[in-house]
Amino acid sequence: MGLRGYIAKKLFFAAVAFFVAITIVFFLYHVIPGNPANIFATDRTVNPDQRDALLERWGLNEPLWKQYGIFLRNLFQGDLGFSYLQKMPVTDVIGESLPWTLLLLGTSFVLNAVIGIFLGAFVAWRRGSKLDTGFVLTYNFYNAIPLFFVGMLFIALFSFYVRKWGWGFYFPAYGAQTAGSSEWGFFPRLVDILWHLALPLTVLTIAGILGWSWFMRGNLINILTEDYIKTARAKGLNENQVLYKHAFRNAILPVVTNIGMSIGGLIGGAVLIETVFSYPGTGRMLYEALIRHDYPLVQGAFIIISGLTLLGLLIAEIIYGFIDPRIRTE
């Protein structure tokens, strides 16, 4: 099987996985307590006539199988429904928040991958040293602290107390930009956006870098015990050639696969961080929609998240195919 066949197979399985994901999302939020029909049925502020009109408008009075057909038809037309609470299309609500999340997650992802991979390799190459011991202790300590608590700690230290005690430069504790910054011009507004991004990005990136470094460190340590590494050294290759030409390339293969899988965890972290920092991204929007039972918005957000996660997995699988030609012959 050539590269084209390998990519076609991955595209097919990604499409099937996405269909299964959106199907699960649809049925899950129609059977659990708190679905839209139950909310309207028990909400005393909605009179029976209004309730019936709303249920008919959104197709919630139809049989479940028919609602599913309407859902699929609307989805493939780009219609994710109408937010009950925000009184606007779900695509518009997500469209306002998604760019902020992509900015936060995209920047964090790049920093996590680049710094984490090379830091993990650097630590693994010096396994057993004080640097390696310090890294292990740091990882275990940081990993034991909930991410939302780290965010609250950063707010207290670098926003509240810095301003209170006049220590100098401080960072905003909430929001993505200063009110009225759209009138400042491109570069002043860009600086303002980065200023607001600094704290949530730092919290999310530290956790990501440590996680990627830990994964890369474990892979490389295992690779360094293989016989072909001993053979390379016996041939007289210097340590840099052994590390980068033989060990690093093989150790990075599982890391590439982990790239797509890490997107889901990164999005989960974004929900916590965006909520703690009141960052107007999709994660905070999803949290508010969940606690307020805004069913179409929750459903639309999960569809977007599922699509982004599967896209990340697909890209990782394709990159893997370029790096390791062996899997294209299976």
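**Cavities, nonpolar cores and aromatic pairs**

Two cavities of 30 Å³ or more were counted in this structure, which is a predicted model. The largest cavity holds about 80 Å³ of space. Its lining is made up of Leu98, Thr101, Leu105, Ile267, Val271, Thr282, Gly283, Ile304, Ile305 and Leu308. Four helices, α5 (90-125), α10, α11 (282-291) and α12 (295-323), each contribute at least two residues to this lining.

Val271, one of the lining residues, belongs to helix α10, which spans residues 239-276. Another lining residue is Thr282; the C-alpha atoms of Val271 and Thr282 are separated by 7.6 Å, with their positions 11 residues apart along the chain. When neighbours within four places in sequence are left aside, the contacts of Val271 are Gly283, Leu286 and Tyr287. Of these contacts, Gly283 also lines the largest cavity.

The loop between α10 and α11 contains Ser278. Most residues other than glycine have a negative phi. Ser278 is not a glycine, yet its phi is positive, at about 50°. The relative accessible area of Ser278 is 28%, so this residue is partly exposed, the range for that class lying between 20% and 50%.

In soluble globular proteins, nonpolar side chains tend to be buried together. In the present model, the largest nonpolar core comprises 50 residues. Within this core, Phe71, Val203, Leu204 and Leu297 have the most contacts. For Val203, with residues up to four places away in sequence not counted, the residues touched are Tyr142, Leu147, Val150, Gly151, Phe154, Ile273 and Phe277. A second core, separate from the largest, consists of 26 residues, among them Ala124, Trp212, Leu220 and Phe248.

Nine aromatic pairs were found in a search of the whole structure. In one of them, formed by Phe26 and Tyr68, the ring centres are 5.3 Å apart and the planes meet at 50°, so the pair is classed as tilted; this class covers angles that are neither under 30 degrees nor over 60. The pair joins distant parts of the chain, since Phe26 is in helix α1 (residues 3-31) and Tyr68 is in helix α4 (residues 64-76), 42 residues apart. Phe26 has a relative accessibility of 2% and therefore counts as buried. Tyr68 also counts as buried, at 14% relative accessibility. Together with Phe27, these two residues make up one aromatic cluster.

A further pair is formed by Tyr139 and Trp214, whose ring centres are 4.3 Å apart; their planes lie at 10°, so this pair is stacked. Here too, distant parts of the chain are linked: Tyr139 is in helix α6 (residues 130-143) and Trp214 is in helix α8 (residues 186-223), 75 residues apart. With a relative accessible area of 15%, Tyr139 is buried. Trp214, by contrast, is partly exposed, with a relative accessible area of 29%. The face of Trp214 is also overlain by Arg217, at 5.4 Å from the ring centre.

Notes:
Residues numbered from 1 in each chain as written. Predicted model: local features only at pLDDT ≥ 70, side-chain atom pairs only at ≥ 80, totals over all residues. Heavy atoms only, no water. Phe/Tyr/Trp six-rings, centres within 6.5 Å; stacked < 30°, edge-to-face > 60°. Buried < 20%, exposed > 50% of the residue type's maximum accessible area, 1.4 Å probe, protein only. Lys NZ or Arg CZ within 6 Å of the ring centre and 35° of its normal. Core = buried A, V, L, I, M, F, W, Y, C linked by side-chain atoms within 4.5 Å. Contact = heavy atoms within 4.5 Å. 1 Å grid on protein atoms, 1.4 Å probe; cavity = no way out; pocket = protein on both sides within 12 Å on 5 of 7 lines; lining within 4 Å. Points joined across faces, edges and corners; volume = space filled by probe spheres on them.
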